[in-house]
Amino acid sequence: FKKFGQLGPGASAYIWNRWDNFKYGVPDTFTMYHWGNGSAWSGYQPRAYFSAARGWYELVNRGKPVPNKLIAYVDNWSRWLLDFMERSGGISPTNFPQEGVALPDPTDFTGHMCGLWLAGASMAALCGSTVSGLDKLMDMLVNELEDHYDITGIPGHIMDGGWSPALRLSTGSGPESNAMYFGFYSGGILRGLGLYLLY
């Protein structure tokens, strides 16, 4: 919030107070800087949202008190995500740059991220979150998944019934009829749809 003026997305990395981490910045601080190319993987953001909502859900199920800061963290994310998707016409965020705020990219549907946003929103709803518009947020995320579901129209096509961001419609039986699709895409998507159905 101090850096970008938004409540929801957070710093993607933490600089541990250990001798070999000092090169990344001030120890015991959060940062947007990351090793490698200097920018943290954007997939960390929906994982943080979902994991926080999952923690809230587990505490409720065990009859334990839920810290107000945890509820506020999840609710801030939900409000931010709803606002983002309403302004973008139903496009979920996929890119969190090191410098600057997330912007919608209609050419960058990322299935596992959309699934995690849906899973987090569903968990928050199952916990009784009072964020206005949470149902609308979930519906927009489900619609985005549906819009990008691959129905090739080619009998027996290997990619029929998936969410590939790089679908190839060749009718061959070799690699040319394949396309990019990571296993964790399905895991994130099916987790989100399953929790949405549970809600």
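What is the handedness of the crossing of H1 and H3? In this predicted model, the crossing of H1 and H3 is left-handed. The arrangement of these two helices is described below, after an outline of the chain and before an account of its core.

The chain contains five helices and four strands. Their order from the N terminus is β-β-β-β-α-α-α-α-α, with the strands preceding the helices. Along the principal axes, the C-alpha atoms occupy a box of roughly 55 × 40 × 35 Å. Of the 199 residues in the chain, 41% are buried. Among contacts with a separation of 6 or more, 52% join residues that lie 24 or more positions apart.

Two packed helices are described by the angle between their axes and the distance between the axes. For H1 and H3, the angle is about 25° and the axes are 8 Å apart. Because angles under 35 degrees count as roughly parallel, H1 is classed as roughly parallel to H3. On the H1 side, the contact is formed by Gln45, Pro46, Arg47, Tyr49, Phe50, Ala53, Arg54, Trp56 and Tyr57. These residues meet His112, Met113, Leu116, Trp117, Ala119, Gly120, Ala121, Met123, Ala124 and Leu126 of H3. By residue class, the contact of H1 with H3 comprises 14 nonpolar, three polar and two charged residues.

One of the H1 residues in this contact is Gln45. Its relative accessibility is 3%, and Gln45 therefore counts as buried, the cut-off being under 20%. When neighbours within four places in sequence are set aside, Gln45 is in contact with Pro9, Gly10, Ser12, Trp77, Phe96 and Trp117. Trp117 in this list is also one of the H3 residues that meet H1.

The packing of H4 and H5 was examined in the same terms. These helices pack at an angle of about 135°, and their axes are 11 Å apart. H4 and H5 are therefore oblique to each other. H4 passes H5 in a left-handed crossing. H4 contributes Met138, Asp139, Val142 and Leu145 to the contact, while H5 contributes Ile189, Leu193 and Tyr196. Six of the residues in the contact of H4 with H5 are nonpolar and one is charged, with no polar residue present.

The largest nonpolar core has 37 residues, of which Tyr49, Trp117 and Leu137 touch the most other members. Two or more residues of this core come from each of helix H1 (44-61), helix H2 (68-88), helix H3 (111-126), helix H4 (134-147) and helix H5 (183-198). The greatest contribution is that of H3, with 10 residues. Tyr49 and Trp117 also take part in the contact between H1 and H3. Leu137, for its part, touches Tyr49, Ser78, Leu81, Leu82, Met85 and Ala121, residues up to four places away in sequence not being counted.

A local feature of the backbone is found at Asp28, in the loop between strand S1 (13-15) and strand S2 (29-31). Most residues other than glycine have a negative phi. At Asp28, by contrast, phi is positive, with a value near 60°. With a relative accessibility of 45%, Asp28 counts as partly exposed.

Definitions and conventions
Residues numbered from 1 in each chain as written. Predicted model: local features only at pLDDT ≥ 70, side-chain atom pairs only at ≥ 80, totals over all residues. Heavy atoms only, no water. Core = buried A, V, L, I, M, F, W, Y, C linked by side-chain atoms within 4.5 Å. Buried < 20%, exposed > 50% of the residue type's maximum accessible area, 1.4 Å probe, protein only. Contact = heavy atoms within 4.5 Å. Axes fitted to C-alpha atoms, helices over the stretch in contact; angles between N-to-C directions. Parallel < 35°, antiparallel > 145°, perpendicular 65-115°, else oblique. Left-handed = near helix turned anticlockwise from the far one by under 90°. Nonpolar A, V, L, I, M, F, W, Y, C, P; charged D, E, K, R; others polar.
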